[in-house]
Amino acid sequence: METSMWRALLYLVGLLIFAGVNAAWLGWCERKGAARIQRRIGPCEAGFAGLLQPLADGLKLMSKQLLVPQGVDGIIFRVAPVLAMIPAITSMAVIPFSENIGARAMELSVLLLFALASIGMISILLGGWASGNKYAIISAARSVSQSLAYEIPMLLTVITVVLISGSINLREIAIDQQGGFWHWNIFRLKNGHFLTMWISFIIFFICSVAETNRAPFDMAEAESELVAGFMTEYSSMGFGLFMMGEYLNIVVGACLTATLFLGGWDCPFGLTPGVWWFVVKIYALIFTFIWIRWTYPRTQIYRLLNLSWKILIPFSMANLLVTAALIKVF
Amino acid sequence: MSGYWSDIVTGGKSLVTGLAITAREFFRPVVTEQYPWEVPTMTPLFRGHIELIGSEETGEPNCVVCGMCQRACPSGCISLDGKKNESGKGKALTRYILDFTKCSLCGSCVESCNFNALRFSRDYNLVSFDKDDFIMDLMNRLEEQNRCKR
C-alpha cells in the first residue's frame, strides 16, 4: 500500500467532506422523512425543497452566544462536544468504502471502532457531568447504563461475524462476502449460517440504534422528563457539535452494519461491485434509522435495560453457540 | 417464563405493524396547506363573524330593522339604527355595528332573523394590534361587497 503524504492528505480532506456533508444534510433528511411520515411537507422555504436549510441552521447556531453557565466545569464543558465529534470522524478512517477506497486497512479495525464508540459515550458522560445540572447528570448516568447494556449483545453478535470470516479486519470481512447476496453474512448459504445470522443482524441493528442514542432508545435526551438531557446547558455550536456527532455516529453505525452483514461494497447479484453499492446500502440503513425514530415512541429506562439483559443478551449468546457449532460441524 | 416467548412474538409483530403503518403514510399525499401561498376553503358551516345579506337586485340590506338580533344577542354586541322609508312603509337600515370583541359566535342573531338578513361570513383572517378594529361597521362591509360584485 502506498503511503505517501498526498494519499493521507487526500483521505483526510475527503473524509472530512464526507463527514461534514452527512452531518449537515442528514438533519435535512431526518426532517423531511419525519414530515413525510406525518404527512407534512417539511423544510421547503430555504432553497429548492429546503436544501439550504442546514446552512441556514448552521448560520443561526453560529450567530448565537456560546453560553457557559456559572458553576460548570469549564474545561470539560468545552471539551465534551468536540469529543462527541472526533471519535465519529476518526472511525471513518478504517471503514472500507470499496475495494480500493479506504484510508487504512488496519488489523483489529473492528476493535478500534468499538473502542472509539465508547469514547463517544464518554463525551455524553462528561457533557452531562460538567454541566452541573441535575437533568444532565441523570441523563449521563442513564446513557452510560444504556451503553453498557447494549455493548454486550453488540459485541457478542460481532463475534459471530468474526468467527465466520476468521478476521477482525473490516476490509477482509467485506472481501470474504463478495459475489452475490448469498455470500453476505446475513444470508450466508455456506455452512447453513443463514439459519442464525439474520438474528445476529437484527440484534446488531437494535444495538446500533441504542448505541447512537436514537429514538426509541433516546433515554439520554428524553425531552418530556429531562428537558434535553446532557445537552440542556449547551447553546450555539456546542449543541450543534453534539447534533453533528449524533448524525456521524449514525453514519458510522450504518457503515459498520453494511460491512459486517450486508457484504460491504458487493452487488446483490454479483455484478458491478463498487462504492456505489456501499453508498446505497448505508443510506438505506440510515433511512431505516429515521423510519424507526418516527414510528416508535420512547420506552422507559427499565424496559430498555430489560430488553437488553433479558432478551438480547441471552439470544446473542445462544446465537454465538449455534454459529460456533455450525462452523465446527461442517 | 410463560410470558417470555409470547412477549417476543407479539412484540415483534407489533413492531413490524408499526413500521408498515409509517411506511404507508410516507407515500401518501400531504394533508397540510402552505398557508400564505395556499388558502383553505372554508366548510359551509364555518362560523366567522356575522355579516349582512344584501338583496340580489339592489344590493340594499334585506334588514327591516326589527331589532330581533339585538334582543337575541346574549352579550349585547349588536347595535343598529334605522329610519322610516320615504314611502312610509317599513324601515331602512342606516347603521349596523357589531362589537366582535364580545361576540362568542353563538349564532342566536342569525337564528332569530326572520328576513334572511344575517349570515356567518367565511372570514377567518382576523388579526390586529388594535381592539377597535373589531368593532365592525357591517353596512360598510356590505357596500364593499357590493362594489366587488360590480
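Strands S2 (residues 78–84) and S3 (residues 91–99) of chain B run antiparallel to each other and are joined by seven bridges. Keep in mind that this is a predicted model. To find the pairing on screen, pick Ser79(B): its bridge partner in S3(B) is Ile97(B). The two strands make a hairpin, with six residues between them. In that turn sits Gly88(B), whose phi is positive at about 85 degrees.

S3(B) has another pairing to look at. Strand S5 (residues 135–137) of chain B pairs with S3(B), again in the antiparallel sense, over three bridges. Here Leu98(B) is a handy marker, since its bridge partner in S5(B) is Met136(B).

Now for some backbone angles. Most residues other than glycine have a negative phi. Leu105(B) has a positive one, about 55 degrees, although it is not a glycine. Follow chain B from S3 towards helix H3 (108–112) and you'll meet Leu105(B) in the loop between them. Is Leu105(B) buried or exposed? Leu105(B) has 11 other C-beta atoms within 10 Å, and a residue with 12 or fewer counts as exposed, so Leu105(B) is exposed.

Chain A has a leucine of this kind too. Leu108(A) shows a positive phi of about 65 degrees, and it is not a glycine either. Look for Leu108(A) in the loop that links helix H3 (74–91) to helix H4 (109–130) of chain A. Leu108(A) counts as partly exposed because it has 13 C-beta neighbours inside 10 Å.

Past H4 in chain A comes another loop, leading to helix H5 (134–165), and Gly132(A) lies in it. Gly132(A) has 15 C-beta neighbours inside 10 Å, so it counts as partly exposed. Which residues does Gly132(A) contact, leaving aside its neighbours within four places in sequence? They are Gly71(A) and Val72(A). Take the glycine pair: Gly132(A) and Gly71(A) are 61 residues apart in sequence, yet their C-alpha atoms are 6.7 Å apart in space.

Finally, let's see where the two chains meet. Ten residues of chain A are in contact with eleven residues of chain B. What is the side of chain A that touches chain B made of? Its residues divide into six nonpolar, one polar and three charged.

Technical notes
Residues numbered from 1 in each chain as written. Chains lettered and ligands numbered in written order. Predicted model: local features only at pLDDT ≥ 70, side-chain atom pairs only at ≥ 80, totals over all residues. Pairing = 2+ DSSP bridges. Helix = DSSP H or I, 4+ residues; strand = E, 2+ residues; numbered from the N terminus. Buried ≥ 20, exposed ≤ 12 C-beta atoms within 10 Å, placed from the backbone. Contact = placed C-beta atoms within 7 Å. Nonpolar A, V, L, I, M, F, W, Y, C, P; charged D, E, K, R; others polar.
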